[in-house]
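Q: Could you take me through one part of this protein in detail? I would like a close look at its salt bridges, with a little of the surroundings for context.

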Amino acid sequence: NEGEPSTDYSADPLGTVSIISVQNNYSATTIDFSAFAGQEAALKSKGFRVFGPGASFATNIEPEYITVSQDSKTAWVTLQENNAIAKIDIKGKTITQIFPLGFKDYSIGDRIIDPSDKNNYLPSPWRVKGMYQPDAIAVAEDNGIPYLFTANEGDVREWDAFAENKRIKDNAVILDPTIFPNASDLKKDEQLGRLNITTTLGDTDNDGDYDELYSFGARSFSVWNGNSGGLIFDSRNELEAKTNEAGYYDDGRSDDKGVEPEGITLGVVGRKPLAFVGMERADAVAIYDISNPARPKFIKLLKTGDAPEGILLISSNDSPNGKSLLVVSSEDDGTVKFYQP
(Lines give C-alpha, C1' and ligand atoms only; values in the text may rest on other atoms or scores of the structure.)
Protein backbone atom coordinates (compact mmCIF):
# COMPACT_ATOMS: atom_id res chain seq x y z
CA ASN A 1 0.00 0.00 0.00
CA GLU A 2 2.20 2.76 -1.35
CA GLY A 3 0.44 5.66 0.36
CA GLU A 4 1.44 8.43 -2.03
CA PRO A 5 0.49 11.97 -0.92
CA SER A 6 -2.21 14.08 -2.49
CA THR A 7 -0.71 16.50 -4.98
CA ASP A 8 -1.13 19.43 -2.55
CA TYR A 9 0.26 17.33 0.35
CA SER A 10 -2.87 17.94 2.40
CA ALA A 11 -2.92 14.17 2.92
CA ASP A 12 -0.02 11.72 3.03
CA PRO A 13 -1.18 8.24 4.08
CA LEU A 14 0.98 5.70 5.86
CA GLY A 15 3.00 3.40 3.64
CA THR A 16 1.93 -0.10 4.66
CA VAL A 17 1.94 -3.78 3.75
CA SER A 18 -1.18 -5.94 4.08
CA ILE A 19 -1.01 -9.67 4.71
CA ILE A 20 -4.31 -11.21 3.62
CA SER A 21 -5.32 -14.66 4.84
CA VAL A 22 -7.17 -16.43 2.07
CA GLN A 23 -7.82 -19.37 4.40
CA ASN A 24 -9.43 -17.15 7.03
CA ASN A 25 -12.13 -15.45 4.94
CA TYR A 26 -9.63 -12.99 3.46
CA SER A 27 -8.95 -11.29 6.79
CA ALA A 28 -6.22 -8.64 6.49
CA THR A 29 -3.47 -7.59 8.85
CA THR A 30 -1.87 -4.28 7.85
CA ILE A 31 1.57 -3.33 9.17
CA ASP A 32 3.47 -0.06 8.89
CA PHE A 33 7.03 1.13 9.44
CA SER A 34 6.60 3.35 12.52
CA ALA A 35 8.66 0.98 14.70
CA PHE A 36 11.77 1.97 12.70
CA ALA A 37 11.43 5.72 13.28
CA GLY A 38 14.15 5.63 15.94
CA GLN A 39 16.58 4.25 13.36
CA GLU A 40 16.03 7.06 10.86
CA ALA A 41 19.45 8.71 11.26
CA ALA A 42 21.32 5.39 11.01
CA LEU A 43 19.32 4.32 7.97
CA LYS A 44 19.83 7.65 6.20
CA SER A 45 23.58 7.43 6.75
CA LYS A 46 23.50 4.30 4.55
CA GLY A 47 21.44 5.80 1.74
CA PHE A 48 17.87 5.55 3.03
CA ARG A 49 15.72 8.55 2.06
CA VAL A 50 13.13 10.35 4.18
CA PHE A 51 12.10 13.65 2.61
CA GLY A 52 9.21 15.91 1.62
CA PRO A 53 6.95 18.44 3.34
CA GLY A 54 5.99 17.61 6.91
CA ALA A 55 5.95 13.85 6.52
CA SER A 56 6.59 11.57 9.46
CA PHE A 57 8.91 8.59 9.04
CA ALA A 58 6.04 6.13 8.55
CA THR A 59 4.06 8.28 6.11
CA ASN A 60 7.21 8.96 4.08
CA ILE A 61 7.78 5.30 3.26
CA GLU A 62 6.19 4.10 0.01
CA PRO A 63 6.22 0.31 -0.55
CA GLU A 64 6.19 -0.63 -4.24
CA TYR A 65 6.58 -4.33 -5.11
CA ILE A 66 6.78 -7.64 -3.21
CA THR A 67 8.42 -11.05 -3.63
CA VAL A 68 8.01 -14.09 -1.36
CA SER A 69 10.36 -16.93 -0.42
CA GLN A 70 9.69 -20.48 -1.62
CA ASP A 71 8.59 -21.56 1.87
CA SER A 72 6.19 -18.60 2.15
CA LYS A 73 7.74 -17.51 5.45
CA THR A 74 9.53 -14.35 4.30
CA ALA A 75 8.66 -11.47 2.01
CA TRP A 76 10.74 -8.61 0.71
CA VAL A 77 9.22 -5.33 -0.44
CA THR A 78 10.92 -2.54 -2.38
CA LEU A 79 10.64 0.96 -0.93
CA GLN A 80 11.28 2.72 -4.21
CA GLU A 81 11.35 6.42 -3.33
CA ASN A 82 13.19 5.58 -0.13
CA ASN A 83 15.95 3.63 -1.93
CA ALA A 84 15.59 0.52 0.21
CA ILE A 85 14.22 -3.00 0.61
CA ALA A 86 12.27 -4.17 3.67
CA LYS A 87 12.19 -7.75 4.97
CA ILE A 88 8.97 -9.16 6.41
CA ASP A 89 8.24 -12.15 8.65
CA ILE A 90 4.95 -13.35 7.16
CA LYS A 91 3.90 -15.68 9.98
CA GLY A 92 4.81 -13.14 12.63
CA LYS A 93 3.26 -10.34 10.54
CA THR A 94 6.12 -7.99 11.33
CA ILE A 95 8.67 -5.98 9.40
CA THR A 96 12.02 -7.23 10.68
CA GLN A 97 14.62 -5.20 8.75
CA ILE A 98 15.11 -2.31 6.35
CA PHE A 99 18.07 -2.55 3.96
CA PRO A 100 19.23 0.86 2.62
CA LEU A 101 20.71 0.32 -0.84
CA GLY A 102 23.29 3.09 -1.04
CA PHE A 103 24.34 4.68 -4.31
CA LYS A 104 25.96 3.77 -7.63
CA ASP A 105 29.08 5.68 -8.72
CA TYR A 106 28.95 6.68 -12.40
CA SER A 107 32.57 7.81 -12.45
CA ILE A 108 33.78 4.20 -12.68
CA GLY A 109 34.49 2.74 -16.11
CA ASP A 110 31.94 -0.06 -16.36
CA ARG A 111 29.17 2.09 -14.85
CA ILE A 112 29.44 5.08 -17.18
CA ILE A 113 26.28 6.75 -18.50
CA ASP A 114 25.11 9.16 -21.17
CA PRO A 115 23.52 12.03 -19.17
CA SER A 116 22.33 14.16 -22.12
CA ASP A 117 19.34 13.80 -24.43
CA LYS A 118 20.88 16.31 -26.86
CA ASN A 119 23.43 13.97 -28.44
CA ASN A 120 23.71 10.38 -29.56
CA TYR A 121 24.49 7.66 -27.01
CA LEU A 122 27.86 8.83 -25.68
CA PRO A 123 28.55 7.23 -22.29
CA SER A 124 31.38 8.70 -20.25
CA PRO A 125 32.48 8.71 -16.60
CA TRP A 126 30.79 11.51 -14.63
CA ARG A 127 31.02 12.65 -11.03
CA VAL A 128 27.41 11.64 -10.39
CA LYS A 129 25.77 8.93 -8.29
CA GLY A 130 22.60 6.99 -8.99
CA MET A 131 19.99 6.02 -6.41
CA TYR A 132 18.99 2.39 -7.06
CA GLN A 133 15.29 2.98 -6.24
CA PRO A 134 14.07 -0.46 -7.39
CA ASP A 135 10.60 -1.12 -8.73
CA ALA A 136 10.02 -4.86 -9.32
CA ILE A 137 11.74 -7.52 -7.20
CA ALA A 138 12.04 -11.31 -7.51
CA VAL A 139 13.83 -13.92 -5.42
CA ALA A 140 15.96 -16.94 -6.35
CA GLU A 141 17.21 -19.23 -3.60
CA ASP A 142 20.46 -21.19 -3.78
CA ASN A 143 22.33 -23.00 -0.99
CA GLY A 144 20.23 -21.29 1.65
CA ILE A 145 20.84 -17.78 0.34
CA PRO A 146 17.91 -15.72 -0.97
CA TYR A 147 19.12 -13.72 -3.98
CA LEU A 148 16.95 -10.64 -4.51
CA PHE A 149 16.80 -9.45 -8.12
CA THR A 150 15.68 -5.83 -8.51
CA ALA A 151 14.83 -3.69 -11.54
CA ASN A 152 16.36 -0.33 -10.64
CA GLU A 153 13.93 1.98 -12.41
CA GLY A 154 14.10 5.07 -10.20
CA ASP A 155 11.22 7.37 -9.26
CA VAL A 156 10.72 11.08 -8.63
CA ARG A 157 8.46 12.82 -6.15
CA GLU A 158 6.92 15.51 -8.33
CA TRP A 159 3.73 17.01 -6.95
CA ASP A 160 2.13 20.48 -7.04
CA ALA A 161 3.24 21.21 -3.48
CA PHE A 162 6.69 19.63 -3.78
CA ALA A 163 8.99 18.56 -6.59
CA GLU A 164 12.43 17.21 -5.77
CA ASN A 165 13.90 17.19 -9.30
CA LYS A 166 15.88 19.86 -11.13
CA ARG A 167 18.24 19.81 -14.08
CA ILE A 168 21.87 20.47 -13.27
CA LYS A 169 21.80 23.49 -15.62
CA ASP A 170 19.09 25.12 -13.46
CA ASN A 171 20.27 28.37 -11.84
CA ALA A 172 19.13 27.04 -8.46
CA VAL A 173 21.66 24.18 -8.73
CA ILE A 174 24.92 25.76 -7.57
CA LEU A 175 27.91 23.45 -7.82
CA ASP A 176 30.65 23.65 -5.20
CA PRO A 177 33.53 25.53 -6.92
CA THR A 178 36.23 23.46 -5.22
CA ILE A 179 34.73 20.09 -6.09
CA PHE A 180 33.43 21.17 -9.50
CA PRO A 181 35.92 23.82 -10.74
CA ASN A 182 34.59 23.33 -14.29
CA ALA A 183 30.98 23.97 -13.27
CA SER A 184 30.22 26.28 -16.20
CA ASP A 185 31.20 23.54 -18.66
CA LEU A 186 29.36 20.83 -16.73
CA LYS A 187 26.14 22.86 -16.98
CA LYS A 188 26.21 22.72 -20.79
CA ASP A 189 23.52 20.59 -22.42
CA GLU A 190 26.00 18.20 -24.00
CA GLN A 191 27.62 17.51 -20.63
CA LEU A 192 25.60 17.31 -17.36
CA GLY A 193 23.29 20.27 -17.89
CA ARG A 194 20.27 18.24 -18.95
CA LEU A 195 20.55 15.55 -16.25
CA ASN A 196 17.77 15.49 -13.66
CA ILE A 197 18.94 15.21 -10.06
CA THR A 198 17.29 15.29 -6.66
CA THR A 199 17.56 18.51 -4.68
CA THR A 200 17.15 16.59 -1.42
CA LEU A 201 20.72 15.22 -1.36
CA GLY A 202 24.19 16.51 -2.13
CA ASP A 203 24.78 19.57 0.05
CA THR A 204 26.95 17.66 2.50
CA ASP A 205 28.26 20.70 4.38
CA ASN A 206 24.96 22.67 4.37
CA ASP A 207 26.47 25.75 2.73
CA GLY A 208 23.90 26.08 -0.06
CA ASP A 209 25.79 24.44 -2.92
CA TYR A 210 26.03 20.86 -4.16
CA ASP A 211 29.07 18.84 -3.20
CA GLU A 212 27.60 15.64 -4.68
CA LEU A 213 25.04 14.95 -7.41
CA TYR A 214 22.40 12.20 -7.20
CA SER A 215 20.27 11.11 -10.17
CA PHE A 216 17.23 8.83 -10.23
CA GLY A 217 17.51 5.07 -10.67
CA ALA A 218 20.58 3.01 -11.51
CA ARG A 219 19.82 2.06 -15.16
CA SER A 220 20.48 -1.57 -14.25
CA PHE A 221 19.25 -4.62 -12.43
CA SER A 222 20.94 -5.80 -9.24
CA VAL A 223 21.20 -8.89 -7.05
CA TRP A 224 21.15 -8.42 -3.26
CA ASN A 225 21.61 -10.82 -0.35
CA GLY A 226 18.15 -11.20 1.16
CA ASN A 227 19.59 -11.96 4.60
CA SER A 228 22.02 -9.06 4.91
CA GLY A 229 20.95 -6.60 2.21
CA GLY A 230 24.46 -6.58 0.73
CA LEU A 231 24.99 -5.95 -2.99
CA ILE A 232 26.10 -9.13 -4.78
CA PHE A 233 25.86 -8.10 -8.43
CA ASP A 234 24.93 -5.11 -10.59
CA SER A 235 24.58 -5.14 -14.37
CA ARG A 236 26.53 -1.86 -14.48
CA ASN A 237 25.88 -0.19 -17.88
CA GLU A 238 25.27 -3.43 -19.79
CA LEU A 239 21.52 -2.94 -20.37
CA GLU A 240 22.07 0.41 -22.04
CA ALA A 241 25.09 -0.78 -24.03
CA LYS A 242 23.21 -3.85 -25.34
CA THR A 243 20.06 -1.92 -26.24
CA ASN A 244 22.15 0.69 -28.03
CA GLU A 245 23.95 -2.02 -30.03
CA ALA A 246 20.55 -3.40 -31.03
CA GLY A 247 19.24 0.02 -32.05
CA TYR A 248 16.65 0.13 -29.25
CA TYR A 249 18.18 2.81 -27.01
CA ASP A 250 16.07 5.97 -26.67
CA ASP A 251 18.52 8.86 -26.30
CA GLY A 252 15.62 11.14 -25.42
CA ARG A 253 15.58 9.48 -22.00
CA SER A 254 19.32 9.85 -21.26
CA ASP A 255 18.72 12.96 -19.15
CA ASP A 256 16.24 11.16 -16.92
CA LYS A 257 16.50 7.45 -16.00
CA GLY A 258 17.86 5.90 -19.19
CA VAL A 259 16.32 2.57 -20.23
CA GLU A 260 14.29 2.44 -16.98
CA PRO A 261 14.40 -1.24 -15.96
CA GLU A 262 10.96 -1.72 -14.44
CA GLY A 263 9.81 -5.34 -14.49
CA ILE A 264 11.72 -8.51 -13.60
CA THR A 265 10.74 -12.16 -13.37
CA LEU A 266 12.67 -15.38 -12.86
CA GLY A 267 12.04 -18.90 -14.06
CA VAL A 268 13.37 -22.06 -15.66
CA VAL A 269 13.26 -22.71 -19.42
CA GLY A 270 14.29 -26.27 -20.20
CA ARG A 271 16.80 -26.80 -17.44
CA LYS A 272 18.25 -23.30 -17.49
CA PRO A 273 17.28 -20.74 -14.82
CA LEU A 274 16.74 -17.35 -16.42
CA ALA A 275 16.00 -13.74 -15.47
CA PHE A 276 13.88 -11.52 -17.71
CA VAL A 277 14.32 -7.76 -17.28
CA GLY A 278 11.78 -5.40 -18.86
CA MET A 279 13.01 -1.95 -19.88
CA GLU A 280 10.23 0.60 -20.16
CA ARG A 281 12.10 3.13 -22.30
CA ALA A 282 13.95 0.68 -24.56
CA ASP A 283 10.81 -1.35 -25.37
CA ALA A 284 12.73 -4.54 -24.80
CA VAL A 285 13.29 -7.44 -22.41
CA ALA A 286 16.82 -8.63 -21.60
CA ILE A 287 17.34 -12.32 -20.87
CA TYR A 288 20.07 -13.46 -18.47
CA ASP A 289 21.35 -16.90 -17.51
CA ILE A 290 21.24 -17.08 -13.70
CA SER A 291 22.60 -20.61 -13.27
CA ASN A 292 24.93 -18.84 -10.86
CA PRO A 293 22.59 -16.21 -9.35
CA ALA A 294 25.57 -14.25 -8.08
CA ARG A 295 26.94 -13.85 -11.64
CA PRO A 296 24.14 -13.42 -14.20
CA LYS A 297 25.24 -13.68 -17.85
CA PHE A 298 23.58 -11.81 -20.72
CA ILE A 299 21.97 -14.00 -23.40
CA LYS A 300 19.85 -11.82 -25.69
CA LEU A 301 17.24 -9.07 -26.12
CA LEU A 302 13.60 -9.42 -27.14
CA LYS A 303 11.82 -6.48 -28.78
CA THR A 304 8.48 -5.81 -27.06
CA GLY A 305 5.58 -3.43 -27.42
CA ASP A 306 5.82 0.19 -26.31
CA ALA A 307 6.75 0.53 -22.62
CA PRO A 308 6.71 -3.05 -21.25
CA GLU A 309 5.24 -3.18 -17.76
CA GLY A 310 4.17 -6.69 -16.70
CA ILE A 311 6.32 -9.78 -17.32
CA LEU A 312 5.11 -13.33 -16.67
CA LEU A 313 6.84 -16.63 -17.34
CA ILE A 314 4.50 -19.61 -17.80
CA SER A 315 6.37 -22.87 -17.20
CA SER A 316 6.16 -25.67 -19.74
CA ASN A 317 4.17 -27.75 -17.23
CA ASP A 318 1.45 -25.09 -17.11
CA SER A 319 1.63 -23.98 -20.73
CA PRO A 320 -1.19 -24.88 -23.16
CA ASN A 321 1.33 -25.98 -25.80
CA GLY A 322 3.80 -27.71 -23.48
CA LYS A 323 6.49 -25.07 -23.98
CA SER A 324 7.60 -22.25 -21.73
CA LEU A 325 5.95 -18.94 -22.58
CA LEU A 326 7.06 -15.42 -21.74
CA VAL A 327 4.14 -12.97 -21.64
CA VAL A 328 4.80 -9.21 -21.76
CA SER A 329 2.19 -6.47 -21.44
CA SER A 330 3.08 -3.00 -22.76
CA GLU A 331 1.18 -0.03 -21.41
CA ASP A 332 1.76 2.62 -24.09
CA ASP A 333 0.50 0.64 -27.10
CA GLY A 334 -1.85 -1.63 -25.18
CA THR A 335 -0.41 -4.89 -26.48
CA VAL A 336 0.27 -8.26 -24.90
CA LYS A 337 2.94 -10.38 -26.60
CA PHE A 338 3.80 -14.05 -26.14
CA TYR A 339 7.29 -15.48 -26.75
CA GLN A 340 8.47 -19.07 -26.71
CA PRO A 341 11.96 -20.53 -27.08
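A: Here is a walk through the salt bridges, followed by a sheet and a surface patch. Please keep in mind that this is a predicted model.

The count of salt bridges comes to 18. A good place to start is the pair of Asp117 and Arg194, whose closest N and O atoms are 2.9 Å apart. Asp117 sits in the loop between strand E7 (103–105) and strand E8 (129–131), while Arg194 sits in the loop between helix H4 (189–193) and strand E12 (196–198), so this salt bridge ties together parts that are 77 residues apart in sequence. Both Asp117 and Arg194 are buried.

Next comes the salt bridge between the side chains of Arg219 and Glu240, at 3.9 Å from N to O. Arg219 belongs to the loop between strand E13 (214–216) and strand E14 (221–225), and Glu240 to helix H5 (residues 238–245), so parts 21 residues apart in sequence are tied together here. Arg219 and Glu240 are both buried.

Now to Arg281 and Glu260, which form a salt bridge with an N to O distance of 3.3 Å. Arg281 is in the loop between strand E17 (272–279) and strand E18 (284–289), and Glu260 is in the loop between H5 and strand E16 (261–269), so this pair, too, ties together parts that are 21 residues apart in sequence. Glu260 has a relative accessible area of 2% and is therefore buried, whereas Arg281, at 28%, is partly exposed. The pair is also part of a network: salt bridges with shared partners join Arg281 and Glu260 with Arg253, Asp256 and Lys257.

For context, let us turn to a sheet. Four strands make up an open sheet in the order E3-E4-E5-E6, with antiparallel pairing. Strand E3 (63–68) and strand E6 (94–100) are at the edges with a single partner strand each, so one side of each has no neighbour in the sheet. From one strand to the next, the twist averages 25°. Within this sheet, strand E4 (residues 74–79) and strand E5 (residues 84–89) run antiparallel and are joined by six bridges. Trp76 is opposite Lys87 in E5.

Last, a stop at the surface. Ile20, Val22 and Tyr26 form a nonpolar patch there, with about 340 Å² of accessible area together. Tyr26 lies in the loop between strand E1 (16–21) and strand E2 (27–32), and counts as exposed because its relative accessibility is 56%, with the cut-off for exposed being over 50%.

Notes: Residues numbered from 1 in each chain as written. Predicted model: local features only at pLDDT ≥ 70, side-chain atom pairs only at ≥ 80, totals over all residues. Heavy atoms only, no water. Pairing = 2+ DSSP bridges. Helix = DSSP H or I, 4+ residues; strand = E, 2+ residues; numbered from the N terminus. Axes fitted to C-alpha atoms, helices over the stretch in contact; angles between N-to-C directions. Patch = residues over 30% accessible without salt bridge, like charges linked within 9 Å, V, L, I, M, F, W, Y side chains within 5 Å. Areas by Shrake-Rupley, 256 points an atom, 1.4 Å probe, with all protein chains shown as cover. Salt bridge = Lys/Arg side-chain N within 4 Å of Asp/Glu carboxyl O. Buried < 20%, exposed > 50% of the residue type's maximum accessible area, 1.4 Å probe, protein only.
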